[in-house]
Amino acid sequence: MSTQQSSGRLTAVRSGVQRFGGFLASMVMPNIGAFIAWGIITALFIPDGWLPNEYLGQLVDPMIKFLLPLLIAYTGGTLVYEQRGGVVGAAATMGVIVSADIPMFLGAMAMGPLAAYLMKQFDRLVQPRIKAGFEMLVNNFSAGILAALLAILGAYVIGPVVRTIADALGAGVQFLIDMSLLPLVSIIVEPAKVLFLNNAINHGVFTPLGSARALAEGSAIEFLIEANPGPGLGILLACMLFGPKVSRATAPGAIVIHLFGGIHEIYFPYILAQPKLILAVIGGGMSGVATFMVMDAGLVSAASPGSIIALMAVTPPGGHLGVLAGVVAATIVSFVLASLLLGFGRSERKAAKEEKAKQAAAENQETTA
Amino acid sequence: MSSIQGSDIKKVVVACDAGMGSSVLLTSQLKKTLSPHGVTVEHSAVDRIPDTADVVLCQAGLVARAKTRVPDTVVVGFQMFLGDPAFARLEQAIRNGETLAD
């Protein structure tokens, strides 16, 4: 009874975390196209890009400081209160944007939905009481006044608070990099991915953190931590060679979808079916991050989906070797560990042999009879 | 527990976390097997499953979230994205008009 209760609570906690993370991710993911556009423009036109161009390089700063946070805020607002929420959320977010010189993704992720939520509550209270004929006037001005107030509040209060939080998180990552401890992040990231928190982690955490570094330093290792297809690829390769019969059949197709299509979800069930394999992805993830760190690898913008093609496309000039090295290292380590954990297919072979022996025995019996 | 007659299934919604990745992959696969039976297949984020869904398909790890979103709809959980028996079960229920329950 009590175990049942606690497992029920665990499920509730898990789906709660999933839902919150999913909400963060769903503000970012519909806008990935704009992130990629920014990534392409940055990789091409900044002074040490492929085709340095001062005029077109002017696109880089406004896109990451204004366009991308506003899109996130608009999307977040829309999720809460449709287009009206989106409009108020985007306008209100301008306050947090001007309050800092870093890209205000976290601020946008907080302000967009908050403004939309307040608008929704206001409308619920006020709309039923509006005199006929005054709806448009009241609706337009209530949205405008609320957005203006929230923008001012954002500039003075919420912006600095979010900035402090973002700085602290960024400093935390920097500390881990300085102390060479960043690979430890994989101990959390890889198991969380398999519990379907992959989007939440990559787009809820690493995309906002990495964007600040990418603007300052040209590329960011944060974008590689979750998006590295190596650990999953190692698992799928091991399952293809040494896994249970069912996974041996499906793994080759899964490899193509995972590595090139970038849909990492496809390898999660192989781990959920054999939880010990989690050790292999953690090991693979850690080796990948360590290699990225040693090779000083990073991406210009978020790679989504986590396909090798997407990774290569947002790698800055001269960085491809480092990124590939990390992916390969993660694949090899994860593959070797997973193969060990699967006993190189020994138990599978044993099962097959027993089956054969049983069949042979049955046939023997028939012939003697 | 919810159940539905296979012949009443007109719209299957495949849900995943973001509604952009694995659910789209499965939607294009299921369309091939289900559209001959006059069933539409759509994809969606698990927290925004449309109320018009007759059956929801999602990975076992997301079933709890799908159920909170649409408590009265049949939610079929699957383990593997490729070759899971749940897909065959769904198709069989639709083809033969059998009862499908979660």
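# A first look at a two-chain predicted model

A:Ser180 is exposed, because just 11 other C-beta atoms lie within 10 Å and the cut-off for an exposed residue is 12 or fewer. This residue belongs to the loop that runs between α6 (135-178) and α7 of chain A. Although A:Ser180 is not a glycine, its phi is positive, at about 60°. Keep in mind throughout that you are looking at a predicted model. For the complex, the predictor reports an ipTM of 0.82 together with a pTM of 0.81.

## Chain A as a whole

What does the secondary structure of chain A come to? There are 15 helices and 0 strands. If you follow the C-alpha trace along its principal axes, chain A spans about 95 × 55 × 35 Å. The chain has 369 residues, and 51% of them are buried. Contacts in chain A also reach across the sequence: of those between residues at least 6 apart, 76% join residues at least 24 apart.

UniProt, in an unreviewed entry, lists several stretches of chain A as "transmembrane region", including residues 20-46 and residues 137-158. Other stretches in that record are residues 66-82, 94-117 and 165-189, among them. Here is how two of the listed stretches look in the model.

| Stretch of chain A | Helix | Strand | Distance between end C-alpha atoms |
|---|---|---|---|
| Residues 20-46 | 85% | 0% | 36 Å |
| Residues 137-158 | 100% | 0% | 29 Å |

## Some residues to visit in chain A

A second residue with a positive phi is worth finding. A:Glu82 has a phi of about 45°, although it is not a glycine. Where does A:Glu82 lie? Its place is in helix α4 (residues 60-98) of chain A. Is A:Glu82 buried or exposed? A:Glu82 is exposed, since 12 other C-beta atoms lie within 10 Å.

Next, turn to helix α6 of chain A, where you will find A:Phe141. With 10 other C-beta atoms within 10 Å, A:Phe141 is exposed. The C-alpha atoms of A:Phe141 and A:Leu68 are separated by 26 Å, and the two residues are 73 residues apart along the chain.

The loop between α12 (278-294) and α13 (308-313) of chain A holds A:Pro305. The peptide bond leading from A:Ser304 to A:Pro305 is cis, and its omega is near 0°.

## Chain B and its sheet

Now for the partner chain. The average pLDDT of chain B is 90, and 100% of the residues score at least 70. The unreviewed UniProt entry annotates residues 10-99 of chain B as "domain: PTS EIIB type-2". In the model, this span is 36% helix and 26% strand, and its end C-alpha atoms lie 14 Å apart.

In which order do the strands of the open sheet in chain B come? The sheet has 4 strands in the order β3-β2-β4-β5, and the pairing is parallel. At its edges are β3 (40-45) and β5 (74-78) of chain B, each of which pairs on one side only. On average, neighbouring strands of the sheet are turned by 25° against each other, direction ignored.

You can trace the pairing strand by strand. Strand β2 (residues 11-16) of chain B pairs with strand β4 (residues 55-59) of chain B in the parallel sense, over 3 bridges. One place to look is B:Val12, whose bridge partner in β4(B) is B:Val55. From β4(B), 5 bridges lead on to β5(B), and these two strands run parallel. Here B:Gln59 stands opposite B:Phe78 in β5(B).

Why is β5(B) described as largely enclosed by the rest of the structure? The reason is that 4 of the 5 residues of β5(B) are buried.

## Where the two chains meet

Finally, bring both chains into view. How many residues does each chain give to the contact? Chain A provides 23 residues and chain B provides 19 residues. On the side of chain A that touches chain B, the elements giving two or more residues are α1 (2-28), α7 (185-217), α10 (245-259) and α11 (268-273) of chain A. The largest share of that side comes from α1(A), with 7 residues. Sorted by class, the side of chain A that touches chain B has 13 nonpolar, 8 polar and 2 charged residues.

Note on methods:
Residues are numbered from 1 along each chain as its sequence is written. Chains are lettered from A and ligands numbered from 1 in the order in which they are written. This is a predicted model: local features need pLDDT of at least 70, side-chain atom pairs count only at pLDDT 80 or more; totals for chains, interfaces and linings use all residues. Two residues are in contact if their C-beta atoms, placed from the backbone, lie within 7 Å. Ala, Val, Leu, Ile, Met, Phe, Trp, Tyr, Cys and Pro count as nonpolar, Asp, Glu, Lys and Arg as charged, and the others, Gly among them, as polar. UniProt positions are given in the numbering used here, feature names are shortened, and annotations may be inferred rather than shown by experiment. A residue is buried if 20 or more other C-beta atoms lie within 10 Å of its own, exposed if 12 or fewer, and partly exposed in between; C-beta atoms are placed from the backbone. pLDDT is the predictor's confidence in each residue, from 0 to 100. Two strands pair if DSSP finds at least two bridges between them. Axes are lines fitted to C-alpha atoms, for helices over the stretch in contact, and angles run from 0 to 180 degrees between N-to-C directions.
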